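User: I'm new to this and keep meeting labels that nobody explains. Could you walk me through the reasoning behind a few of them?

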Amino acid sequence: MKSIKIILKSYSTVFRAAKGSAVLSFVTYVLAGILPFIIAALTNDLLNAASEYLSGTGNRWMIYELAIKFLAAYLISYSLLTVQSVIENYGIYEKTLHVMKRMIGEKTARLALIDFENTDCYDLSKRAKNCVSSDAMPRLFLYSMRIGANVVSVISVSLLLISYSYGFIPFIILSIIPNLVSRIIRGNEFYQLKTCQVKDQRMADYLWNLFSNSTAQKEMRSMGSCEYVTDKWKRLNFMVNRQLWAFYKQDSKSLFLCELFNIAGYVSSIVFCFISVMRGNLEIGVLGACVITVKNVQDSIVDMIYFAGEVPKYIKFANDFFGFMSLKEEEKGTVPFDGFKSIEADRVSFSYPNSNRSAIKDVSFKIRKGETVVIVGENGSGKTTLAKLIQGLYHTGNGTVKYDGIDVDDLDKYELYRHIAVVPQNFGHYKLTLRENVAISDTDNIYNEKRIVECLERVDAEFAKNDLDEQIGREFDGREYSGGQWQRIALARSIFKDADMVILDEPTSALDPVAEAEILKNFLEISHEKTAIIISHRVGLCKYADQILLMKDGSIAESGRFEELVEKKGGFYDLYKAQAKWYQ
Ligand code: ADP
């Protein structure tokens with residue numbers, strides 16, 4: 001039942017994406033379904049008319065008319081293949097896949113960002129993309145129509161033969177039933193096998209993809225784990241193939257048996273027909289119709305069974321796609337936002353999905369417009385999570401983050417984000433041009449070269465004088481940058497946006513501590529009117545901060561100005577002492 005629903009939903013997606021092609025395709029399959037019946041009936045009529053004409057009672061024009069109809073039916077039947085291939089490739093596949101990609105992109109943009117921290121959701125999104133790469137939706141549509149056309153053709157031609165003589169019934173049963181029963185049983189077994197194999201097959205595909213993933217390759221080589229992964233892939237692949245091989249071996253036996261029944265059915269129906277014609281019980285035309293159609297019916301059954309066997313795996317893919325599309329979307333705030341005077345966090349707590357540990361515990365603080373706040377603390381202490389809560393990217397579990405007294409969840413996020421420039425830890429390394437890499441934060445000014453160069457100079461980027469339109473990225477025959485150079489580009493990008501508030505999450509961790517302190521000091525000088533939240537596990541910049549928040553195990557352990565915290569001789573002082581040698 002669920003499978004039928006998925007097939008129907010696939011139909012609706014294909015119809016929405018490629019209405020014209022889908023309707024045309026439907027018409028061609030209806031024709032493909034009824035043409036064998038028409039050809040069989042015309043063969044019968046044509047041969048009978050010819051026989052009557054030869055015996056002197058017939059009409060020559062009648063033969064011409066039937067011959068033209070017969071030829072036309074054949075011609076249509078052959079041209080259908082070409083028409084179908086054009087409609088399918090350029091109409092159904094291309095358009096449906098394009099629309100599916102767009103749907104995934106739009107849906108992803110509407111999901112709450114916290115969903116990306118949820119591995120189940122992340123997995124589902126990857127599987128939805130697999131649905132596109134495997135052409136599952138158009139295939140489901142086309143295969144099911146093809147099966148439908150075969151069913152129509154088998155039933156209509158069988159009924160036609162029976163209308164000529166009930167004597168055909170045993171021969172039809174002989175050539176259809178064993179084939180059908182065996183194929184249904186084998187098809188069902190194949191479906192079960194494929195269903196069981198889906199997980200292993202996916203894992204094998206995943207491992208296979210690791211071989212072409214450069215990051216994974218580098219890591220696996222340096223850890224010496226290539227052989228382990230290769231072995232794991234080989235074992236899985238071998239197991240999947242061995243199961244398939246066992247199935248095909250068993251299948252070929254039943255196929256052989258079916259072939260014997262097929263031949264017996266075909267030959268005996270012709271012999272029956274021939275004898276009936278000789279005895280005058282059947283007209284000669286029926287013999288012609290029988291010779292053409294019985295084989296046709298048998299071929300249709302083989303075709304139908306093959307495609308029915310393919311359908312289950314595409315149902316699985318389509319199910320993933322619809323599962324992804326039905327994920328809950330982010331609720332959007334509507335309160336207009338046009339800058340702020342203060343941000344206040346009041347007893348904020350937060351846990352990640354699938355985690356029973358609080359990443360942020362009962363945190364309160366106030367940031368005034370124009371302040372520079374440095375959040376320091378060890379790895380895993382909650383700095384990045386806190387920055388995301390400030391931006392309203394995640395909903396707080398308990399407590400609130402308010403901009404001028406308004407809950408961040410209620411604010412119109414698009415307006416809020418226009419006022420914030422963020423350099424996250426894993427910022428984008430866009431394989432575009434240098435110009436695009438800087439100006440992607442404010443594309444309206446992408447041709448303002450002067451400003452782009454200024455921003456690059458402000459972060460001491462020695463390549464500020466490079467050709468701005470030079471392509472970056474080896475995979476596009478472009479220049480490569482080092483980790484530190486990429487970080488300078490990301491900083492330049494945040495300056496280029498000209499936002500009220502900048503949030504930098506360990507933006508200079510690839511630089512040495514002195515260069516980091518120097519660049520960030522320059523950065524603060526140029527953005528002195530802006531609110532700046534800088535996350536770092538190094539304390540070099542704290543001297544310039546209006547407020548320091550020291551995070552420990554998700555809580556604020558200490559807060560205040562540099563001198564206050566040094567004087568306090570607590571956790572911050574220990575950290576400062578431990579790192580002081582870096583700056584001497
Ligand atoms: P920091 O920025 O100080 O290194 P984070 O804010 O990244 O720390 O992490 C705080 C805590 O939340 C850590 O214990 C970390 O393991 C956990 N955490 C971070 N991201 C996730 C996630 N996506 N899912 C579950 N736990 C997470």
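Analyst: Sure! This is a predicted model. Let's start on the surface: V23, F26, V27, V30, L31, I34, F37, I38, I76 and V152 make up a nonpolar patch there, and together they have about 730 Å² of accessible area.

User: Which helix gives the most to the nonpolar patch?

Analyst: That's helix α2, residues 19-54, with eight residues in the patch. I38 is in helix α2 too.

User: Why does I38 count as partly exposed?

Analyst: Its relative accessibility is 32%. Buried means under 20% and exposed means over 50%, so I38, at 32%, counts as partly exposed.

User: Now the ligand. What surrounds it?

Analyst: The residues around the ligand include E117, Y352, R357, S381, G382 and K383. By type, the shell splits into two nonpolar, six polar and four charged residues. Helix α10, residues 383-390, gives the most to this shell, with three residues.

User: What makes the pair between R357 and the ligand a polar contact?

Analyst: A polar side-chain atom of R357 lies 2.8 Å from an oxygen atom of the ligand. The cut-off for a pair of N or O atoms is 3.5 Å, so this pair is a polar contact. The backbone joins in as well: a polar backbone atom of S381 is 3.1 Å from a ligand oxygen, and a backbone N or O atom of G382 lies 3.0 Å from a ligand oxygen.

User: How much of the ligand's accessible area does the protein cover?

Analyst: On its own, the ligand has 560 Å² of accessible area, and the protein covers 69% of that.

Definitions and conventions
Residues numbered from 1 in each chain as written. Predicted model: local features only at pLDDT ≥ 70, side-chain atom pairs only at ≥ 80, totals over all residues. Heavy atoms only, no water. Near = heavy atom within 4 Å. Polar contact = N/O pair within 3.5 Å; in protein donor to acceptor, adjacent residues only side chain to side chain. Areas by Shrake-Rupley, 256 points an atom, 1.4 Å probe, with all protein chains shown as cover. Helix = DSSP H or I, 4+ residues; strand = E, 2+ residues; numbered from the N terminus. Nonpolar A, V, L, I, M, F, W, Y, C, P; charged D, E, K, R; others polar. Patch = residues over 30% accessible without salt bridge, like charges linked within 9 Å, V, L, I, M, F, W, Y side chains within 5 Å. Salt bridge = Lys/Arg side-chain N within 4 Å of Asp/Glu carboxyl O. Buried < 20%, exposed > 50% of the residue type's maximum accessible area, 1.4 Å probe, protein only.
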